[in-house]
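Let's take a look at a protein model together. We'll start with an open space in it, then see how a pair of helices pack.

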Amino acid sequence: MDAWWTFGLNAIPVLQSWGTTWIAAMKALSFLGSEQVYMFILPLILWCLDAQLGVRLGILLLGSSWLNAILKLAAGLPRPYWVSQKIAPLAIETSYGLPSGHAQTTTAVYGGLATSLRGRWIVPLALALLFLIGWSRLVLGVHFAIDVITGWVIGAVLLWAFIRLEAPFAGLLRRLAPGVRLSLPLLISLAMVAAGFLIRSGALERTLPAEWIMNAMRADPHGPPLEPRLAADFVNPAGTLFGFGTGALLLGAWGRFTGRGRGWVLVGRFALGLAGTLLIYYGLRAVLPSGESIVADGGRYLRYALVGFWLTYGAPRLFAWVRLS
């Protein structure tokens, strides 16, 4: 195989042969860039450290997740274990490969966190972590080198643009009428969904190679057939951004929650807030339609919007009501 995007393919089996301890370490590093970790770290920062920083990181996370989803759909390139049976599938992924979401989003989010914190060791530590997480994706057989490098570059550009545009955009928001300001998260979110469906329509016109489908089935014989063009990949972050952004604007207007606190108050906040998050997420998932349809996508959009709104406004208001603010 001589495609440009397969550079480094033959090195992956070598990297995977370095022993079980090595593989376990790579899986642990890869987990640091997973959605589960973000869903722990982001509320922790927002509710228990600095609400403003939590909002900034949340916007970076959601923007990067959505951008990564549509770039994957536009590129339409495979994972290493989809194209070569020499690659052990040490993790299972169903989306396209380029760019790496782990590399891109960790660069944006952890980079954003590093630029917000003080200390000479913060930036070197963040850079080392970003490199190791990207490297782990190669070892696990879910990304080519070009996927990871592209993810790093896009994440860095996204972070740079966010830092440059944050202050001018905040100034613009302050000049807008309250009603117009509150409508922006919805309008931006709907534009994201529309762009996602437009790009997905082009991706659906491409036929998935039988080799990719068979190799993916070999890696996960009990899973569903390979389908890397799911609308949920861009609908979910767009819906979350609607609720998250609306809640952030209302939180700023309320002005009585900063995220700071002490001891048991912080523990109580996090436990109560996390319980509410899980109730909304899993409770609505149990009752809303599932599958691949416009109705199901609408239900997912609503569910993720409510989770986002809870994170930035519902939970802080509850904290104040139960005297945990």
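## What counts as a pocket

A quick bit of vocabulary first: a pocket is an open set of grid points with protein on both sides within 12 Å along at least five of seven lines, and its lining residues have an atom within 4 Å of a point. Keep in mind that this model is predicted.

## The second largest pocket

So how much space lies in the second largest pocket? About 1,400 Å³. Its lining is made up of 39 residues, and those nearest the centre are Val55, Ile59, Phe169, Leu173 and Leu249. Four elements each give two or more residues to this lining: α4 (51–75), α8 (145–175), α9 (178–204) and α11 (232–254).

Which helix gives the most to the lining? That's α4, with eleven residues. Sort the lining by chemistry and you get 27 nonpolar residues, six polar and six charged.

## Two helices side by side

Two packed helices are described by the angle between their axes and the distance between the axes. Try that on helix α3 (residues 35–48) and helix α13 (residues 294–321): their axes come within 11 Å and cross at roughly 30 degrees. Angles under 35 degrees count as roughly parallel, so α3 and α13 are roughly parallel to each other. The crossing of α3 past α13 is right-handed.

Who makes the contact? On the α3 side you'll find Glu35, Met39, Pro43, Leu46 and Trp47, while α13 brings Tyr304, Trp310, Leu311, Thr312, Ala315, Pro316 and Phe319. Of the residues in this contact, ten are nonpolar, one is polar and one is charged.

Notes. Residues numbered from 1 in each chain as written. Predicted model: local features only at pLDDT ≥ 70, side-chain atom pairs only at ≥ 80, totals over all residues. Heavy atoms only, no water. Axes fitted to C-alpha atoms, helices over the stretch in contact; angles between N-to-C directions. Parallel < 35°, antiparallel > 145°, perpendicular 65-115°, else oblique. Left-handed = near helix turned anticlockwise from the far one by under 90°. Contact = heavy atoms within 4.5 Å. Nonpolar A, V, L, I, M, F, W, Y, C, P; charged D, E, K, R; others polar. 1 Å grid on protein atoms, 1.4 Å probe; cavity = no way out; pocket = protein on both sides within 12 Å on 5 of 7 lines; lining within 4 Å. Points joined across faces, edges and corners; volume = space filled by probe spheres on them.
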